[in-house]
Amino acid sequence: MRIASISNRLHGLGSDKWAVHVAGRQRAVRGDDLIFLSIGEPDLPPPAAVLQQAADSMFAGRTRYADGQGEPVARRAIAAHLTRRSGVEVDPHQVVYTAGTQQGLFVVMATLVEAGHEVLVPDPYYATYEGLVAATGASFVPVPTLPEHDFHLRAEALEAAITPQSRVLLLNTPSNPTGAVLSPDEIDAIGEVCARHDLWIVCDEVYADLTFEADFCSPFDRPQLRDRAISVASISKSHALPGFRAGWAACPTALAPRVTAVTEAMNFGSQPFIADAVAVALNEVHPEVVTLKRTFHDRAAAMVAALAGSDAVKVHMPEGGMFVLADIRPTGLTGEQFAWRLLDECGVVVMPGESFGSRGAGHVRLALTVEADVMAEACRRIRALAEDIHAAR
Ligand SMILES: Cc1ncc(COP(=O)(O)O)c(C=O)c1O
C-alpha cells in the first residue's frame, strides 16, 4: 500500500490506551456485571430546551449547508458567553465553530504547527493529545507536573522544556485526568514565559464550567495574552451533549480565517439546527446544567471521602472536571496492573494513569459518571483491593 506517514505516526496512540475499558465492554456484552468508571461521558440528562430547539430548527428547515466559519447565531452566542465569562470583549469574528473540542484542537494545531516544531504539553495529559500532535508531524514534548504541586504546571518547568523549535503550549484547565485548575497568577506566570519565547497557548477548556472551589481562568481571558491564546471548548460536558459534536475555537482575529480555512477543508460547514441549539444552550440558564455541576461536585466529594484515610490509595479533591486521580503507588503496582486486577477480581473498570503520560504512572483515573450508590460500591472494592495488596507486601 502506498500511503502517507500520518497513520504510522498515529499507530499505538489511539485505542491502545483504552485497552482495559475495551476489555470491560466486551465482558459486559458477554454478561459480566461491571461498574464502569472509565469514560468521561456525563450520565445526566441534557437541557430539554436545547433538545427542543434542535428538533424545532430541524423541522423548520435548518438542515442546509452552513457558513464555513460557523453559523452567525452560534458564533454570536459563543462570543457573548466568552465575553460574559471574562468581561473582555470577544467578537464573533474571532470564533470558529467546530465539531467539538477534539476537532477544534485538531484544526488549531494543524494551523499552527508541522514537522520540525515542538508542542509542549503538561504531563499527565488527556489521552488524545499525543495523536493530536503526531498527526501534524510536530514533536510532542511532555512537561512534568508533580503530585506534590497538585499537578499544577510551574512556569520554571515550562521554561526548562523550551527549545528554539517550541511553538505551542497545549494547556488543559480544568485538567483531565488531574482535576487541576490553573489560577490567574499561574496563567500569568506561564503566559509571561510563552510571550518571552513567542509561543502560542492553546487551551482545552472543555471542563471550564465544571470548576468546584476554584474559579475558572483562561489565558484567552487575560488581556496581555489575547494575541497568543486560543480557547477551545464545547457543550459536550457542560450540557451533557457530546453527541452533538458542537464546539469552538476562539482566537485572535487575524488567526480566525486561517483556522477557518483548515476547518473548511475538513468539514465544509456544520449543522445549522445544532448551531441554533448551541445558541440556546449558551444564551439561557438551564436547570439541568446547574444540577450537573452540583452533582459532579458532590460525587467528587463523596468519592474522596470514601477513599480518605487509606494507606494504600491516596486521593485529593479535584478542583474541577469529572474525574478523581487516585494514587495507588503504595500497592507497588503500576496503574495498568492495578486497573487489570480491578477488572478481573472486582468488576470495576477504570483507566490506568499511564494512558495519560508517564507522570500518570502509579495512578488510576476514576470517572464520576455513575450514580452515588454505584460509585460508593466501586470505591469500596477499589479500597479493599488496594489495601489487600498493600497489606500483603
Ligand atoms: C480534556 C478533554 N478534551 C477534549 C475532549 C473531547 O471533547 P469534545 O466532545 O468536545 O470533542 C475530552 C473528552 O473527554 C476531554 O476530556
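A residue is termed buried if 20 or more other C-beta atoms lie within 10 Å of its own, with C-beta atoms placed from the backbone. This criterion will be needed at one stop of the tour through this predicted model.

**The sheet as a whole.** Begin by displaying the strands: seven of them form an open sheet of mixed pairing, in the order 2-8-7-6-5-3-4. Strand 2 (95-98) and strand 4 (139-144) stand at the edges with a single partner strand each, so one side of each has no neighbour in the sheet. On average, neighbouring strands are turned by 20 degrees against each other, direction ignored.

**The edge at strand 4.** Select residues 118-123, which constitute strand 3; six bridges join this strand to strand 4, and the two run parallel. Within this pair, locate P122, whose bridge partner in strand 4 is V143. Next, add residues 129-136, helix 6, which lies across strand 3, strand 4 and strand 5 (166-172). Helix 6 runs at about 145 degrees to strand 4.

**The edge at strand 2.** Now turn to helix 9 (residues 256-267), which packs on the sheet and touches strand 2 and strand 8 (247-250). The direction of helix 9 makes about 20 degrees with that of strand 2. Strand 2 pairs with strand 8 in the antiparallel sense over four bridges; select V95 to find A250 of strand 8 opposite.

**Strand 8 and its other partner.** Side chains in a regular strand alternate between the two faces of the sheet. In strand 8, G247 and A249 on one side and W248 and A250 on the other are all buried, and both faces are thus covered. Finally, select strand 7 (residues 229-234), which runs antiparallel to strand 8 and is joined to it by four bridges. There, V232 has A249 of strand 8 as its bridge partner.

Key
Residues numbered from 1 in each chain as written. Predicted model: local features only at pLDDT ≥ 70, side-chain atom pairs only at ≥ 80, totals over all residues. Pairing = 2+ DSSP bridges. Axes fitted to C-alpha atoms, helices over the stretch in contact; angles between N-to-C directions. Contact = placed C-beta atoms within 7 Å. Buried ≥ 20, exposed ≤ 12 C-beta atoms within 10 Å, placed from the backbone.
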